[in-house]
Amino acid sequence: MNDLTKKYIIEQNDAFGRYLTAAADIKAGETFLLEQPILLLASNGDRRCTNCLKLTTEFCRICQVFALCDNCASHNEYDCGLLAGMKDIQVDLVKENPLIYGLLKCLLLRENPENTAYYEQLIQMESHLEARRGSEIWRDLQQRAVEPLLQSGLRKYLKDVQSVDENLLHKYLAIIDVNCFEIRAPDEGQLRGIYPLAALMAHNCVSNVQASIDEHYQMKVYARCDVAKGALLYNCYTNVLLGTDERRHLLKVGKYFDCKCARCEDPTELGSHMSSFMCARCADNKRAGFIVKKKKEPAQGQQQTAKQTKSSATKQLWLWQCQQCEHTLTAETVEQLIERAKEEMFHAKDDVTRYELLLSKLTRYFHPNHYLLLDIKQNIAAILRSILQNFSLQPGRKVYERKVRLCQDILAFCK
Ligand SMILES: C[S@@+](CC[C@H](N)C(=O)[O-])C[C@H]1O[C@@H](n2cnc3c(N)ncnc32)[C@H](O)[C@@H]1O
């Protein structure tokens, strides 16, 4: 390891598990962590060449298990040799279930004596195995990865065979889901990478670090702002351009924790109003009022009755209320407004005129900074980009101006 190891410390507490803090002052823009992945995996059941990671339908002629494209002569010698020696396995079962490859890569890391240290790092990672047990994702992966792998017959060729059971395989899948970084694939689509040190950083919806991954899959993590010695190094695990409810939901179902960062806890999302609505009553009175989601003050003596379900109790903890006039919206109305807007966005797909009309219509109900309006702006900007790249369409000055304006609006949120 290089000198950068002096820039961070691994610590642990009950709230976050393990996390990183700054071991010294880190300046804005300064790189404090460089890391290579211990695993690179295809996403979404894609079939990718195990060597160059491009999409392919070809397989290695020697081991016959891993995908290998025509442009690549070979892949990892140890993996290929071990698999080639497994004479009576059901190769078709492996090929038909591409999610098996993630498991296979974890098992091969465990097998290879040269990779013991990497495997130790992998198996120590947070899995939230018990929270996943029996869930929908558990059942789905049981069917599409765990069972086919166990039925393929390759288990008997692995060391310490008794320990290679459903539990271990689900643990691998859970570790990947909780810890992976999304990476752009060399052709199209996404890959998933496991970077054990970078994965230790705790989450915050306003991060103080930025991770970038180069074409050789090396990750570089640098500070987005000055970070004082002793401060936590926070990465953002989710899309910063989503509203609080959406971010919290994704973090809960994907990473198994309730985000309590300052942005999630603040009804105005630190003044950005990315989840706020326009108050109709204030608009009637010719003033601007914004409806935000606030925690309800519990009435004195009010207690949750045994009959209340957990979700109804959770809903009752929140209130959508105007900061100016205290006018309220019910949670159902808010849900409907969002669902209807999403439906209309779906139907406007790829049509700039429909998007622009929708944008001006929704501005009556949603705060101009609302994340759905931002999403529409991004969609319009993407369409305008392709128009501007096509000189045969002879785009006029207005198209350029609109594109610049939209990009300025979007960039304002990325600071
Ligand atoms: C990528 S791992 C981070 C490393 C992990 N803490 C460990 O000990 O291996 C993500 C997990 O860390 C914990 N975590 C990260 N950020 C958190 C936060 N802001 N609040 C609560 N838990 C957090 C959660 O358990 C989450 O599933």
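**Domains, cores and ligand shell of a predicted model**

The domain assignment splits the protein chain into domain 1, covering 39-183, and domain 2, made of 266-298 + 311-415. Keep in mind that this is a predicted model. Computed between their C-alpha centres, domain 1 and domain 2 sit 42 Å apart.

Next comes the packing inside the protein. The largest nonpolar core takes in 58 residues, and the ones with the most contacts inside it are Ile100, Leu103, Ala145, Leu173, Met201 and Leu233. Helix H3, residues 100-111, is the top contributor to this core, giving 8 residues. Another core lies apart from it, with 20 residues that include Ile291, Cys322, Leu372 and Ile376. Back in the largest core, Leu173 shows what such contacts look like: setting aside residues up to four places away in sequence, Leu173 touches Gly102, Leu103, Leu141 and Ala145.

Now for the ligand. There are 18 residues around the ligand, and Gly17, Arg18, Glu126, Ala202 and Phe257 come nearest. Three elements each supply at least two residues of this shell: strand S2 (17-22), helix H7 (166-179) and strand S7 (202-203). Of these, S2 provides the largest share, 3 residues. Sorted by class, the shell around the ligand holds 11 nonpolar, 4 polar and 3 charged residues.

On to the strands. An open sheet is built from 4 strands in the order S11-S12-S13-S14, with antiparallel pairing. Its edge strands are S11 (277-278) and S14 (328-329), each of which pairs on one side only. In general, strands of a sheet pair through backbone hydrogen bonds, and they can do so in a parallel or an antiparallel way. Here S11 is joined by 2 bridges to strand S12, residues 290-295, and the two run antiparallel. Within that pairing, Phe277 stands opposite Ile291 in S12. Ile291 has already come up, as one of the residues in the core of 20.

A hairpin is found elsewhere in the chain. Strand S5 (residues 181-184) and strand S6 (residues 190-194) run antiparallel and are joined by 4 bridges. One of the paired residues is Arg184, whose bridge partner in S6 is Gln190. Between S5 and S6 there are 5 residues, and Gly189 in the turn has a positive phi of about 90°.

Glycine is not alone in having a positive phi. Leu53 has one of about 70° although it is not a glycine, and Asp160, also a residue other than glycine, has a phi near 50°. Both are found in loops: Leu53 between strand S4 (39-42) and helix H1 (77-84), and Asp160 between helix H6 (136-151) and H7. Is each of them buried or exposed? Leu53 counts as buried because it has 21 C-beta neighbours inside 10 Å. Asp160 has 9 such neighbours inside 10 Å, so Asp160 counts as exposed.

Lys229 is another loop residue, placed between strand S9 (219-223) and strand S10 (234-235). Lys229 counts as exposed because it has 12 C-beta neighbours inside 10 Å, and a residue is put in that class at 12 or fewer. Exposed or not, Lys229 does have contacts: leaving aside neighbours within four places in sequence, Lys229 is in contact with Ala22, Ala23, Ala24 and Asp25. Asp284, by contrast, is 55 residues from Lys229 in sequence and 51 Å from it in space, C-alpha to C-alpha.

Technical notes: Residues numbered from 1 in each chain as written. Predicted model: local features only at pLDDT ≥ 70, side-chain atom pairs only at ≥ 80, totals over all residues. Core = buried A, V, L, I, M, F, W, Y, C linked by C-beta atoms within 7 Å. Contact = placed C-beta atoms within 7 Å. Near = placed C-beta within 6 Å. Nonpolar A, V, L, I, M, F, W, Y, C, P; charged D, E, K, R; others polar. Domains from an automatic or database assignment. Pairing = 2+ DSSP bridges.
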